[in-house]
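Visitor: Please take one part of this model and look at it closely, then work outward to whatever surrounds it. A plain account will do.

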Amino acid sequence: DAGFKHGLNEYFRRHDGTAVTCDDFIQAIADANNVDLSQFSDTWYSQSGTPLINVSAAYDSGTQSYTLKMTQSLPNKPEFKPFDIPVAVGLIGKRSRKPLLVKLKDSELESNNTVVLRLTEREKVFVFENVSEEPIPSLFRNFSAPVKVTCKDISRDDLSILASFDTDEFNRYEAGQELASQVMLELINAVDEQEDVSSLNISNILKHHNESVNQLIEVFKEYLCDDQYDNSLKAMSINLPTESLLAELLPAGTVNAESIYLIQNSVKKEIATALQDELMQVFLKHSQANDNDTDAGIRSIKNKCLEYLMISARASLGIFNPKTLFYSEIETETLMRNPHAKKVMALVLEQFKNADNMTDTLAALIVLASIECPQR
């Protein structure tokens, strides 16, 4: 950050009030920090496509050293020029679940929670020293570069720890979404193995994969219960991956839209039911948000909780059907006999009637539209 500020000051000193190019800006940044950024401009501006970074990791407890091997490639372009890629890296302890000091071997940089590496070759190895316990790498913190990353050495348990305890909020979100994608793909593949999806008992599949689903639920619970986590990111974090993203992750020719839709709705119901109390607590806490810019995040998380609460209400009434997420008919008398469903309906109607902004009004209307009842 300090280096960028120095470069920005130099840029304005040189070019304030004049016509400039992107190259002028890069040169000012480079000169102010005494670094060579020619590879950056030569590659990022002249090559199309998103770089793919493959990372492998190894920890040596004897020497307390940790090695990251990074390989960059450009899909369908084997003759590409290596990019100059800034890689912000942090380490989270597997045992302590706390940030570890990062000290690059043979580097004059002081130990810190984050270090920015420069990947300028097709393949490069980075070694960290004085690593007191086996770590989990927190890669490309704060979205330090627009790349795609794969690391087979990060397990689902590791993703769960990153999603719950990483101090970089962007990577907390990314870890949770990756975990959710893996769990949902596991369930989608289980559905696709069935010969007849129309007569499928989704409950049996969820029970068989109960450990995976519960792991995802626990991560979502951590998001909801963390008062320090940004509300906008929290709302995004408890949102499941979209159908289109899941379809992209499946092998070509194997995409079954019905399976994706079925699993997404079923997992939503499992989350809504398991975290019913936490969702209600967060919703009630933020239900008095005012209509101003600082409350945009509050409205986001509040309305996402309301969406989940209606799903949990429908599940408690026994009318939830993952194949038809909307328009389940219910009598008012039946609704009023169920305390949870009655409370959720009252909250939805209250928000719709009293909202002083379009966001809350529309959110309540969408939730209300998901159940066929006289109140709708």
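Guide: Start at His 209, which sits in the loop between helix H6 (202-208) and helix H7 (210-225). The model is a predicted one. With a relative accessibility of 15%, His 209 counts as buried, because the cut-off for buried is under 20%. Leaving aside residues up to four places away in sequence, His 209 touches Glu 186, Leu 187 and Ala 190.

Helix H5 (169-192) and H7 also appear in the surroundings of helix H4. Both are among the elements that cover the buried residues of H4, and strand S3 (85-93) and strand S7 (135-139) are included there too. H4 itself spans residues 156-165 and is mostly covered, with seven of its ten residues buried. Those buried residues are Asp 158, Leu 159, Ser 160, Ile 161, Leu 162, Ala 163 and Ser 164.

From here the nonpolar core is the next step. In soluble globular proteins, nonpolar side chains tend to be buried together. The largest nonpolar core in this model has 92 residues, and the members that touch the most others are Met 70, Ile 85, Val 89, Phe 128 and Phe 220. H5 gives the largest share of this core, eleven residues. Ile 85 can be followed in detail. Not counting residues up to four places away in sequence, Ile 85 is in contact with Trp 44, Pro 51, Ile 53, Gln 72, Leu 117, Arg 118, Leu 119, Phe 140, Ala 145 and Val 147.

Charged pairs come next. Side chains of opposite charge can pair when their charged atoms come close. The structure holds 18 salt bridges. One of them starts from the loop after H7: the side chains of Asp 227 and Lys 285 meet at 3.1 Å, N to O. Asp 227 lies in the loop between H7 and helix H8 (231-237), and Lys 285 is in helix H11 (residues 276-286), so this salt bridge ties together parts that are 58 residues apart in sequence. Asp 227 counts as exposed, at 54% relative accessibility.

A second salt bridge joins Arg 13 to Glu 10, with the closest N and O atoms 2.7 Å apart. These two residues are three apart in helix H1 (residues 2-15), so about one helical turn separates them. Their surroundings differ in exposure: Arg 13 is exposed, with a relative accessible area of 61%, whereas Glu 10 is buried, at 17%.

A third salt bridge links Lys 269 and Glu 270, where the closest N and O atoms are 4.0 Å apart. Lys 269 is partly exposed, at 27% relative accessible area, and Glu 270 is partly exposed as well, at 24%. Elsewhere, salt bridges that share partners join Glu 10, Arg 13, Arg 14 and Asp 31 into one network.

Finally, there is a helix pair further along the chain. Two packed helices are described by the angle between their axes and the distance between the axes. The axes of helix H14 (residues 339-354) and helix H15 (residues 358-368) come within 8 Å and cross at roughly 145°. The crossing of H14 past H15 is left-handed. On the H14 side the contact is made by Met 345, Val 348, Leu 349, Gln 351 and Phe 352, and they meet Asp 360, Thr 361, Ala 363, Ala 364, Leu 365, Val 367 and Leu 368 of H15. By type, the residues of this contact are nine nonpolar, two polar and one charged.

Conventions. Residues are numbered from 1 along each chain as its sequence is written. This is a predicted model: local features need pLDDT of at least 70, side-chain atom pairs count only at pLDDT 80 or more; totals for chains, interfaces and linings use all residues. Side-chain values use heavy atoms; hydrogens and water are left out. Helices (H or I, at least four residues) and strands (E, at least two) are DSSP runs, numbered from the N terminus. Buried means under 20% relative accessible area, exposed over 50%, partly exposed in between (1.4 Å probe, protein chains only). Contact means heavy atoms within 4.5 Å. Axes are lines fitted to C-alpha atoms, for helices over the stretch in contact, and angles run from 0 to 180 degrees between N-to-C directions. A crossing is left-handed if the near helix is turned anticlockwise from the far one by less than a right angle, and right-handed if clockwise. Ala, Val, Leu, Ile, Met, Phe, Trp, Tyr, Cys and Pro count as nonpolar, Asp, Glu, Lys and Arg as charged, and the others, Gly among them, as polar. A nonpolar core is a set of buried Ala, Val, Leu, Ile, Met, Phe, Trp, Tyr and Cys residues joined through side-chain atoms within 4.5 Å.
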